[in-house]
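Subject: A structure for you to look at

Hi,

Here is the structure I promised to pass on. Have it open while you read, and I'll walk you through what turned up in it.

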Amino acid sequence: MLREMYAHNLTEEVIKNRIVKQIDTAQFRQITLQSVERAESWVHEFSTGLADPKGFILPGDTQASASVSMARAITRRAERRVAELMDLKVIDNVQLVRFLNRLSSLLFVMELKEVAESDPEKLSFAKDKDK
């Protein structure tokens, strides 16, 4: 909650002080529909043969999966910030938000694949935490 308040205030401060005017928003146009479609194909490729999780998974079953989970959390945070900047009309490339969303999905599937390849029985679920 505190982190969200800080990030929201930071975004408002950036807009209020016109810091955004210094950003070359053209760089965000490099993410296109083709970028989103490529990420979607990777999600499909990595998820082939994986079973759907039967609940909310806990990160950290392996060191690699914990790292991928952290990357996913950071990607989700970036997605929220970009959405805020889009609402404020600073960024107008809708494909950027879609790409970050697909990237988050890709990271989730990569986490599942990492655990499945290291030890298929190792996937930890939140409902099993107290057992």
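Start with M86: once you set aside its neighbours within four places in sequence, M86 is in contact with I91, D92, N93, V94 and V97. Before you go further, keep in mind that this is a predicted model.

M86 and V97 also turn up together in the largest nonpolar core, which has eight residues in all: V82, L85, M86, V90, I91, L96, V97 and L100. Two elements give two or more residues to this core, α3 (63-87) and α4 (94-118). If you wonder why such residues gather, the general tendency is that nonpolar side chains in soluble globular proteins are buried together.

Now zoom out for a moment. How many helices and strands does the protein chain have? There are four helices and zero strands, so reading along the sequence gives you the pattern α-α-α-α. The chain has 131 residues, and 27% of them count as buried. Its accessible surface is about 9,100 Å², with 55% of that belonging to carbon and sulfur atoms. Here's one to think about: take the contacts in the chain with a separation of 6 or more, and 83% of them are accounted for by residues 24 or more positions apart.

Next, have a look at α3. This helix has 25 residues, and from its first C-alpha to its last it reaches 36 Å, close to the 36 Å expected at 1.5 Å a residue. Which of its residues are buried? They are S65, V68, S69, T75, E79, R81, V82, E84, L85 and M86. Notice that the list includes E79, R81 and E84; we'll get to these shortly. After α3 comes K89, and its phi is positive, near 65 degrees.

On to E79, which lies in helix α3. Is E79 buried or exposed? Its relative accessible area is 12%, and buried means under 20%, so E79 counts as buried. What does E79 touch, not counting residues up to four places away in sequence? The answer is V97, L100 and N101. Two of these you have met already, since V97 and L100 are in the largest nonpolar core.

E79 has a partner too: R76 forms a salt bridge with E79, and the closest N and O atoms are 3.7 Å apart. The two residues are separated by about one helical turn because they are three residues apart in helix α3. R76 is partly exposed, with a relative accessible area of 34%, whereas E79 is buried at 12%.

How many salt bridges are there in total? The count comes to four. Besides the R76 and E79 pair, here are two more to find:

- R81 and E84: their side chains meet in a salt bridge of 3.1 Å, N to O. Both lie in helix α3, three residues apart, about one turn of the helix. R81 is buried, and E84 is buried as well.
- K113 and E117: the closest N and O atoms of this salt bridge are 3.5 Å apart. They sit four residues apart in helix α4, so about one helical turn separates them. K113 is partly exposed, with a relative accessible area of 24%, while E117 counts as exposed at 59% relative accessibility.

Stay with α4 a little longer and find Q95, which has its place in this helix. Q95 is buried, with a relative accessible area of 16%. Its side chain is joined to that of R98 by a polar contact of 3.0 Å. Leaving out residues up to four places away in sequence, Q95 touches I31, T32, L33 and V36.

One last stop is Q30, in the loop between α1 (2-16) and α2 (33-47). Why does Q30 count as exposed? The reason is its relative accessibility of 63%, given that exposed means over 50%. Now find L96, which belongs to the largest nonpolar core. Q30 and L96 are 66 residues apart along the chain, and their C-alpha atoms are separated by 8.7 Å.

That's the tour. Happy exploring!

Methods:
Residues are numbered from 1 along each chain as its sequence is written. This is a predicted model: local features need pLDDT of at least 70, side-chain atom pairs count only at pLDDT 80 or more; totals for chains, interfaces and linings use all residues. Side-chain values use heavy atoms; hydrogens and water are left out. A nonpolar core is a set of buried Ala, Val, Leu, Ile, Met, Phe, Trp, Tyr and Cys residues joined through side-chain atoms within 4.5 Å. Buried means under 20% relative accessible area, exposed over 50%, partly exposed in between (1.4 Å probe, protein chains only). Contact means heavy atoms within 4.5 Å. The expected span of a helix is 1.5 Å times one less than its number of residues. A polar contact is a pair of N or O atoms within 3.5 Å; within protein, one must be able to donate a hydrogen and the other to accept it, and residues adjacent in sequence count only if both atoms are side-chain atoms. Accessible areas come from the Shrake-Rupley method with a 1.4 Å probe; for residues, only the protein chains shown count as cover.
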